[in-house]
Amino acid sequence: MAVDVLIAEDEPSILKSLDFILRRAGWSIEAVTDGEAALNAVRRSQPKVLVLDVMLPKRSGFDVLKHIRADAALRELPVLILTAKGQAQDRRTAEELGADRFVTKPYANAEVVGAVRELMGLAPAVE
């Protein structure tokens, strides 16, 4: 069964927050806590969007993104990169590797929901 959003985040409080706000927005969620599991879950679950932290155990978010963009079957998957505030180099690297959107932590819930809606091709939510 395909899920709407796959979250790859190793910080429990951030993962819980993302899971809550995205479920509340009406999407089905799967979550993993390391880069290796993220790649496996992308292949298995075929999510509509991947929310990907940069700093993950086993395989970095950048490494996961690089593998996704190199795989013809996964290449078109929309990827939202999350990283710590103020990491300009992370933003450049994410863009070079083909990230579709980029959100810095700490983030506003509406910013994440809006970015996921956009990556799914949905109209912005009415406030």
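Visitor: Where in the chain is the place of proline 106?

Guide: In this predicted model, proline 106 belongs to the loop that lies between β5 and α5. The peptide bond leading into this residue from lysine 105 is cis, its omega being near -5 degrees.

Visitor: Why is glutamine 46 called exposed or buried?

Guide: The word exposed requires a relative accessible area over 50%, and glutamine 46 has 56%, so this residue counts as exposed. Glutamine 46 is found in the loop between α2 and β3, and its phi, near 50 degrees, is a positive value in a residue other than glycine.

Visitor: How do you know whether lysine 58 is exposed or buried?

Guide: The reasoning uses the cut-off of over 50% again: lysine 58 has a relative accessible area of 69% and is therefore exposed. Lysine 58 is in the loop between β3 and α3, and here too a residue other than glycine has a positive phi, near 70 degrees. As for glycine itself, glycine 121, just after α5, takes a positive phi of about 80 degrees.

Visitor: Which class does arginine 23 fall into, and why?

Guide: Buried would need a value under 20% and exposed a value over 50%, with partly exposed in between; at 44% relative accessibility, arginine 23 therefore counts as partly exposed. Arginine 23 is a residue of helix α1, and its C-alpha atom is separated by 27 Å from that of lysine 66, which is 43 residues apart from it along the chain.

Visitor: What makes β1 and β3 a pair of strands?

Guide: A pair is accepted when there are at least two bridges between the strands, and β1 (residues 5-8) and β3 (residues 49-53) have four, in the parallel sense. Leucine 6, for instance, has leucine 50 as its bridge partner in β3. By the same reckoning β1 and β2 pair, again over four bridges and in the parallel sense, and in β2 the bridge partner of leucine 6 is glutamate 30. Four bridges also join β3 to β4, which run parallel, with leucine 82 of β4 as the bridge partner of aspartate 53.

Visitor: In what order do the five strands form the open sheet?

Guide: The order is β2-β1-β3-β4-β5, with parallel pairing. Since β2 (29-32) and β5 (101-105) each have a single partner strand, they stand at the edges, so one side of each lacks a neighbour in the sheet. From one strand to the next, the twist averages 20 degrees.

Visitor: Which strands does helix α1 touch as it packs on the sheet?

Guide: Helix α1 (residues 12-24) touches β1, β2, β3, β4 (79-84) and β5, and its direction makes about 170 degrees with that of β1. Helix α5 (residues 109-119) also packs on the sheet, where it touches β1, β3, β4 and β5, at about 170 degrees to the direction of β5. In α5 the buried residues include Val112, Val113, Ala115 and Val116, and what covers the buried residues of this helix includes α1 as well as β1, β3, β4 and β5.

Visitor: Which residues have the most contacts inside the largest nonpolar core?

Guide: That core has 22 residues, and Leu50, Leu52, Ile68 and Ile81 are those with the most contacts inside it. At least two residues of this core come from each of β1, α2 (35-45), β3, α3 (61-70) and β4. Apart from this core lies another, of 20 residues, among them Ile7, Ile21, Val113 and Val116. In soluble globular proteins, nonpolar side chains tend to be buried together.

Visitor: Which way do the residues of β1 point?

Guide: Val5 and Ile7 point one way and Leu6 and Ala8 the other, all of them buried. Such alternation between the two faces of the sheet is what a regular strand shows. β4 is mostly covered, with five of its six residues buried.

Visitor: How do you know whether the radius of gyration agrees with that of a compact globule?

Guide: For 127 residues a compact globule would have a radius of gyration near 14 Å, and the protein has 13 Å, so the value agrees. Of these 127 residues, 49% count as buried.

Key:
Residues are numbered from 1 along each chain as its sequence is written. Side-chain values use heavy atoms; hydrogens and water are left out. Axes are lines fitted to C-alpha atoms, for helices over the stretch in contact, and angles run from 0 to 180 degrees between N-to-C directions. Contact means heavy atoms within 4.5 Å. A nonpolar core is a set of buried Ala, Val, Leu, Ile, Met, Phe, Trp, Tyr and Cys residues joined through side-chain atoms within 4.5 Å. Buried means under 20% relative accessible area, exposed over 50%, partly exposed in between (1.4 Å probe, protein chains only). The radius of gyration is taken over C-alpha atoms; the globule rule is 2.2 Å times the number of residues to the power 0.38.
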